[in-house]
Amino acid sequence: MKAIRLLLVNSFLMNVSFFAFIPFLSAYITGSLALSAGIAGLVLMIRQLTQQGTSFLSGILGDRFDYRLMISTGMVLRGAGFLLFAICTTPLELIAAAIITGLGGSLFEPTSKAALSIFTPPAKRGDVFALDKIVRHSGIICAGILGGVLLQLDFFYSSLVCGGIFIFSGVITFMNLPNEKVAVPKQSLADSWEKVKSDRLFIFFTISMIGFWFMFMQLYLTIPLHAAKVFNSPTFVSSLFIVYGVIVVFLQYPLQKWTRRFQRLSAIKMGMSIMGAGMLLIGISTSILLFWAGFCIYALGIMLVEPTSYEYTAEIAPPQFSASYFGFALLAMAVGGGISQGAGGWMYEHMPQVNWLIGALAGISSALCIHVLQGWNKRAGYRRKYSVR
């Protein structure tokens, strides 16, 4: 279908741009601008909080108005934010660019996932979300190559190229995403808020995902910094994301098929525990073998959790409130990711081992929360369109 193909192309281009830029931003801030890792973490945290902290409102607006307009506007705004980083040199200027970048992501992220869900038949959503993750991580592989090339040039060119990709994608989306984007009734802002607010088990699920996003966002800050330190090479970051992308491209789809034998929440619980173990191994690694073992385990956990959590959200969200549910779910990323990047930079400087221990505990805590949710679902006879236990 045209809409699904376009959304998948968007996923590819957005990840090429994002991963060729954001992972190297912290190195630019601490290197070329000679600012601290704490400042780099603060900038990334503000970008995270701005994006995911406002995604619920953006999702509500998407359900009320136009998915196509929200997606394309967000992409253009994200591109403008990337371009601004090229001329920012002070912490306040970097924070301003981070806010603009985050607002752009807030507009396109929940509405893109909602549009993908709406356009996909329910029985195929798990496969399509897995395919979307494969496409996105194919973009990460290309981003690792592109980022490595841009790293040899002035940071201005990274901003220009990566910002330009987002602006180009936004224009193409506005021109080509079908007008019949969502064949469901439009909802008022109050109705969307009341619907999500009344779904207490979904709210608890969102809270349970905070630990996952705490671990996930270490991928953008402390894991690259640790890799560069252990192997004494900032260019190692490029190979890190290339390997991560290759793992996802080749293993995500068969892994998604394998998880069909488990309940969705069980797969998520398993993935969170595995991620925590991977983070602990990364943190104690002093050799290349141990680092890669920890990193691969960490990546495996992400592959178990991320597409399954999107599928779970898509199935329990009424179609007319799809973007609202995805937007609210991203609040977990705002809290977990914000704390991860804000505190992660400081902890990495002053208490590096504590950072990895907290990451492992976050995985265990989130897995326990999901286990509790499963019990509540079972005792309450919680049933939606699909049975989830």
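## Helix α8 and the nonpolar patch

F156 has 40% relative accessibility and therefore counts as partly exposed. In this predicted model, F156 sits in helix α8. Together with L83, L153, Y157, L160 and V161, F156 makes up a nonpolar patch on the surface, whose combined accessible area is about 510 Å². Helix α8, residues 155–176, supplies the largest share of that patch, 4 residues.

S158 also belongs to helix α8, but its relative accessible area is 6%, so S158 is buried. Apart from neighbours within four places in sequence, S158 has contacts with F21, L150 and G163.

## M75 in helix α5

M75 lies in helix α5, which covers residues 67–85. Its relative accessible area is 0%, so M75 is buried. When neighbours within four places in sequence are set aside, the residues in contact with M75 are N10, M14, F108, F166, I167, S169, G170 and T173.

D127 is 52 residues from M75 along the chain, and the C-alpha atoms of the two are 25 Å apart.

## Helix α7

Helix α7 runs over residues 125–151, a total of 27 residues. At 1.5 Å a residue, α7 should span 39 Å, and the 37 Å between its end C-alpha atoms agrees with that. Most of α7 is covered, with 20 of its 27 residues buried.

## Cysteines

The structure contains 0 disulfides. For C162, the closest cysteine sulfur is that of C142, and the 12 Å between the two sulfur atoms is too far for a bond. A disulfide would need the two sulfur atoms to lie within 2.5 Å.

The accessibility of C162 is 0% in relative terms, so C162 counts as buried. C369, at 26% relative accessibility, counts as partly exposed.

## A salt bridge within helix α6

The whole structure has 6 salt bridges. One of them joins E109 and K113, with 3.7 Å between the closest N and O atoms. Both residues are in helix α6 (residues 91–119), and the 4 residues that separate E109 from K113 amount to about one turn of the helix. An α-helix has 3.6 residues a turn, so residues three or four places apart point the same way.

Both partners have low enough accessibility to fall under the 20% cut-off for buried residues. The value for E109 is 12%, and that for K113 is 15%.

## Salt bridges between helices

R136 and E306 are joined through their side chains by a salt bridge, at 3.5 Å from N to O. R136 is part of helix α7 and E306 is part of helix α15 (residues 288–316), so this pair ties together parts that are 170 residues apart in sequence. Both R136 and E306 are buried.

A second link of this kind is the salt bridge between E315 and R264, where the closest N and O atoms are 3.1 Å apart. E315 is in helix α15 and R264 is in helix α14 (residues 264–284), so the pair ties together parts 51 residues apart in sequence. E315 is buried, because its relative accessibility is 5%. Salt bridges with shared partners also connect D132, R136 and E306 in one network.

Methods: Residues numbered from 1 in each chain as written. Predicted model: local features only at pLDDT ≥ 70, side-chain atom pairs only at ≥ 80, totals over all residues. Heavy atoms only, no water. Helix = DSSP H or I, 4+ residues; strand = E, 2+ residues; numbered from the N terminus. Expected span 1.5 Å × (residues − 1). Buried < 20%, exposed > 50% of the residue type's maximum accessible area, 1.4 Å probe, protein only. Contact = heavy atoms within 4.5 Å. Patch = residues over 30% accessible without salt bridge, like charges linked within 9 Å, V, L, I, M, F, W, Y side chains within 5 Å. Areas by Shrake-Rupley, 256 points an atom, 1.4 Å probe, with all protein chains shown as cover. Salt bridge = Lys/Arg side-chain N within 4 Å of Asp/Glu carboxyl O.
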